[in-house]
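Trainee: Could you take me through one helix of this model closely, and then show how that part sits within the rest of the protein?

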Amino acid sequence: KKEQLQVLAEVDAVTKDGTLMNLAANISSTKELEMALRHGAKGVGLFRTEFLYMDRATFPTIEEQYEVYRHVVERAGGQSVVIRTLDIGGDKQLDYFPLAEEDNPFLGYRAIRISLDLKDLFKVQLTAILRASVHGKVKIMYPMISSIDEIREANQVLHEAMGDLDRQGINYDKDIQIGIMIEVPAAVVMADLLAAEVDFFSIGTNDLVQYVLAVDRMNEQIAHLYHPFHPSILRMLKMTADAAHTAGIDISVCGELAGDERAVPIWIELGIHNLSMSPQSLLRVKHRLLNTNAEEAKEVAKSCISMSRSQDIEAKLEEFIEENT
Ligand code: PEP
Ligand code: MG
């Protein structure tokens with residue numbers, strides 16, 4: 001079955017009736033990048049940069065980061081690479097930079113909150129990303145955004161980094177696109193306002209589900225309550241997509257739900273044509289798209305969006321797969 005799917009690596013991700021999707025990869029190492037390319041990924045939709053900071057003794061320098069970003073950007077061969085700024089805290093720790101113990105680490109000192117607190121460190125990363133931007137199509141993404149001010153403050157550090165490079169005569173992409181993760185409920189509810197500040201949204205369903213349902217994504221004991229197809233989540237996906245379309249900015253999904261073939265009709269109905277997923281999921285989702293009629297999928301998704309129970313939504317989506325296998 002795996003070998004059968006592999007032949008799809010070079011095939012376009014398009015529905016039977018011609019709706020084209022862009023399937024990019026989530027990567028957190030250069031090894032994963034290679035797997036993604038073997039599986040036909042069209043660019044990197046989420047480059048988790050945490051690994052650059054882990055398993056070492058100090059923070060990585062501009063030069064060290066630049067080398068890795070450049071490598072990824074060059075390997076992507078002209079396809080876009082969305083580099084997410086550091087997202088530590090929550091479950092991710094650094095040996096050389098102990099974070100204080102917190103009662104609720106996922107609600108605590110994490111991601112953009114750390115970057116905006118340690119601006120020198122943030123500027124090092126942004127500088128390295130800017131330098132790599134001359135080697136291909138780079139986009140910058142801020143994680144865990146919950147307010148307009150966080151975007152503006154982050155952009156201020158970005159502009160300082162740009163000013164420094166200008167003074168040193170170092171080139172970078174002056175039109176580099178800036179986007180945010182939509183993974184905190186506040187960001188969904190005010191997506192129309194946030195859309196005016198950025199070039200793109202990428203929905204992070206892993207955290208969004210955890211925060212919307214108040215279900216810790218790491219807690220086995222309540223794993224049965226973690227429902228990506230919860231009606232509240234479908235509504236939030238729709239709110240975010242609608243806000244992006246109204247504002248005319250790009251929208252993608254990079255949480256695990258993007259790699260779940262059952263969700264394909266939802267993306268088609270919501271007009272989300274950019275998905276980023278773990279390299280292992282790329283061929284399966286593409287296979288699903290190739291066996292889907294977009295018009296039929298929209299009808300199925302519309303009925304799902306009107307349902308009131310996760311179980312009914314999942315059953316409907318699974319039935320649609322059965323009918324198209
Ligand atoms: C997410 O939260 O959905 C996401 C893609 O980011 P991470 O899993 O790295 O938190
Ligand atoms: Mg996240």
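Mentor: The buried residues of helix α11 are Ile 233, Leu 234, Met 236, Leu 237, Thr 240, Ala 241, Ala 243 and Ala 244, and since this is a predicted model, that list and everything that follows describe computed coordinates. The helix covers residues 231–247; its 17 residues reach 24 Å from the first C-alpha to the last, close to the 24 Å expected at 1.5 Å a residue.

At the start of α11 stands Pro 231, which counts as partly exposed because 17 C-beta neighbours lie inside 10 Å. Leaving aside neighbours within four places in sequence, Pro 231 is in contact with Met 307 and Ser 308. Its C-alpha atom is also separated by 6.5 Å from that of Arg 309, although these positions lie 78 residues apart along the chain count. Just after α11, Gly 248 takes a positive phi of about 75°.

On the other side of α11 in sequence, the loop between α10 and α11 holds Ala 214, a residue that is not a glycine and yet has a positive phi of about 55°. With 8 C-beta neighbours inside 10 Å, Ala 214 therefore counts as exposed. A comparable entry is found at Asp 55, in the loop between α3 (50–53) and α4, where phi is again positive at about 55° in a residue that is not a glycine; Asp 55 has 8 C-beta neighbours inside 10 Å and so counts as exposed.

The buried residues of α11 lead on to the interior. In soluble globular proteins, nonpolar side chains tend to be buried together. Here the largest nonpolar core has 91 residues, of which Val 44, Val 81, Ile 83, Ile 129, Ile 145, Ile 180 and Trp 267 touch the most other members, and helix α11 gives the most to this core, with seven residues.

One of those well-connected members, Ile 129, can be followed into another helix. Not counting residues up to four places away in sequence, Ile 129 touches Tyr 69, Ile 83, Val 138 and Ile 140. Ile 129 is among the buried residues of α6, which also include Phe 122, Leu 126 and Leu 130, together with Gln 125, Thr 127 and Arg 131. Helix α6 spans residues 119–132, and its 14 residues reach 20 Å from first C-alpha to last, close to the 20 Å expected at 1.5 Å a residue. The buried residues of α6 pack against α4 (62–75), β3 (80–84), α5 (112–117), β4 (137–142) and α7 (148–168).

The loop that holds Ala 214 follows α10, and α10 brings us to the ligand. Ligand 1 is surrounded by Leu 46, Arg 48, Asp 87, Glu 183, Gly 204, Thr 205, Asn 206, Asp 207, Cys 254 and Gly 255. The elements that give two or more residues to this shell are β2 (44–48) and α10 (205–213), with α10 giving the most, three residues. By type, the shell divides into two nonpolar, four polar and four charged residues.

Behind part of that shell one can place Asn 26, in strand β1 (residues 22–27), which counts as buried because 26 C-beta neighbours lie inside 10 Å. Not counting residues up to four places away in sequence, Asn 26 touches Gly 45, Leu 46, Arg 48, Cys 254, Ser 276, Met 277 and Ser 278; Leu 46, Arg 48 and Cys 254 are also among the residues around ligand 1. Asn 26 and Ala 36, 10 residues apart in sequence, are 8.2 Å apart from C-alpha to C-alpha.

For a contrast, consider Glu 318, found in helix α15 (residues 310–323), which has 12 C-beta neighbours inside 10 Å and so counts as exposed. The C-alpha atoms of Glu 318 and Phe 47 are separated by 30 Å, with the two residues 271 apart along the chain.

As for the whole, the protein has 15 helices and eight strands, and buried residues make up 42% of its 325 residues. A compact globule of 325 residues would have a radius of gyration near 20 Å, and the protein's 19 Å agrees with that, while its C-alpha atoms fill a box of roughly 60 × 45 × 40 Å along the principal axes. Among contacts with a separation of 6 or more, 71% join residues 24 or more positions apart.

Conventions. Residues numbered from 1 in each chain as written. Chains lettered and ligands numbered in written order. Predicted model: local features only at pLDDT ≥ 70, side-chain atom pairs only at ≥ 80, totals over all residues. Near = placed C-beta within 6 Å. Helix = DSSP H or I, 4+ residues; strand = E, 2+ residues; numbered from the N terminus. Nonpolar A, V, L, I, M, F, W, Y, C, P; charged D, E, K, R; others polar. Core = buried A, V, L, I, M, F, W, Y, C linked by C-beta atoms within 7 Å. Buried ≥ 20, exposed ≤ 12 C-beta atoms within 10 Å, placed from the backbone. Contact = placed C-beta atoms within 7 Å. Expected span 1.5 Å × (residues − 1). Rg over C-alpha atoms; globule rule 2.2 N^0.38 Å.
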